[in-house]
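Here is a friendly look at one annotated site in this protein. Have the structure open as you read, and follow the residues as they come up.

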Amino acid sequence: MTSCHVIEDPIKKVAIFGGTHGNELTGVFLVKHWLENGTEIQRTGLEVKPFITNPRAVKKRTRYIDCDLNRVFDPENLGKKMSKDLPYEVTRAQEINHLFGPKDNEDSYDIIFDLHNTTSNMGCTLILEDSRNDFLIQMFHYIKISLAPVPCYVYLIEHPSLKYATARSIARYPVGIEVGPQPQGVLRADILDQMRKMIKHALDFIHNFNEGKEFPPCAIEVYKIMEKVDYPRNENGDIAAIIHPNLQDQDWKPLHPGDPVFLTLDGQIIPLGGDGTVYPVFVNEAAYYEKREAFAKTTKLTLNAKSIRSSVH
């Protein structure tokens with residue numbers, strides 16, 4: 001057992017967040033169902049808490065009220081003095097941190113699954129924040145194997161400037177789940193089924209881990225963020241070109257230098273620059289127009305995990 005990377009404690013507390021963005025309805029729908037009847041998410045010896053993260057935005061069916069809740073879980077915002085002048089989402093982030101954190105504290109929840117939808121053609125996506133986390137690499141490997149032949153992609157957002165302060169980051173093990181394509185404010189049965197299965201497999205993995213099962217060394221393919229690409233703009237700052245038809249819906253597919261990326265109204269094609277192949281994600285995501293992001297460039301790499309088991313036995 002010398003090669004085994006032993007995780008000392010079993011997982012005890014898990015939260016499932018829905019409605020971090022109020023118009024991404026699959027997570028909202030599932031969490032509301034599980035609040036009424038949580039039988040399918042219960043596992044022996046595990047506390048699983050479904051939670052609506054941004055209830056005001058959910059009620060209005062909008063992404064957020066004052067600012068993006070999934071960007072304000074940083075020390076500055078979490079440490080701000082409570083006042084009526086704070087944006088709603090900052091106040092809400094402090095409440096969530098109190099309930100499920102505090103962030104970077106041993107009392108915080110072990111795992112938070114944060115359920116999201118994208119308008120981009122990204123299929124089943126798991127979002128990883130730390131490339132050295134053996135436990136999450138093992139979990140993602142288990143989910144990918146369990147979902148096969150349906151593909152499940154892993155998006156690694158570990159980056160010195162592009163990583164953002166997510167709601168799930170207050171947990172020891174943060175897991176983003178992103179399923180699309182689905183329009184904002186809409187429910188699709190196929191997307192809901194995929195997300196529901198991702199949670200089932202994740203909870204099964206935790207249960208097996210808690211029961212003392214050893215998971216042997218594994219490797220997963222991930223797509224690591226390199227750069228965010230804005231739309232071409234005119235002198236007024238308005239969008240001057242749109243996603244080229246050849247790129248639309250081609251998330252995760254290789255994009256080579258010279259390939260069409262944008263198209264102007266007068267038919268001019270703007271190709272990909274640079275000297276290497278990239279893999280685009282969040283292509284033409286509706287929520288990212290305000291963030292000035294047409295797509296993100298990623299590079300493909302392999303992450304390895306040591307074998308793991310809990311110390312329960």
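## The annotated site

An unreviewed UniProt entry places the feature "binding site" at His21, Glu24 and His116. These residues span 96 residues in sequence, yet no two of their C-alpha atoms are more than 7.4 Å apart, so they gather at one spot. His21, Glu24 and His116 also belong to the lining of the largest cavity. Please keep in mind that the model you are viewing is predicted.

## His21 and its surroundings

If you trace the chain from strand S2 (13-18) towards helix H1 (25-36), you will meet His21 in the loop between them. Is His21 buried or exposed? With a relative accessibility of 3%, His21 is buried, because it falls under the 20% cut-off.

Which residues does His21 touch, once those up to four places away in sequence are set aside? Its contacts are Thr62, Arg63, Asp68, Asn70 and His116, and the last of these is itself part of the annotated set.

## Glu24 and its link to His116

Glu24 sits in the loop between S2 and H1. Its relative accessibility is 6%, so Glu24 counts as buried.

Beyond its neighbours within four places in sequence, Glu24 is in contact with Arg63, His116 and Asn117. Arg63 is also among the residues that His21 touches. For a closer view, turn to the side chains of Glu24 and His116: they make a polar contact with each other at 3.0 Å.

Note on methods
Residues numbered from 1 in each chain as written. Predicted model: local features only at pLDDT ≥ 70, side-chain atom pairs only at ≥ 80, totals over all residues. Heavy atoms only, no water. UniProt positions renumbered as here; feature names shortened; annotations may be inferred. 1 Å grid on protein atoms, 1.4 Å probe; cavity = no way out; pocket = protein on both sides within 12 Å on 5 of 7 lines; lining within 4 Å. Helix = DSSP H or I, 4+ residues; strand = E, 2+ residues; numbered from the N terminus. Buried < 20%, exposed > 50% of the residue type's maximum accessible area, 1.4 Å probe, protein only. Contact = heavy atoms within 4.5 Å. Polar contact = N/O pair within 3.5 Å; in protein donor to acceptor, adjacent residues only side chain to side chain.
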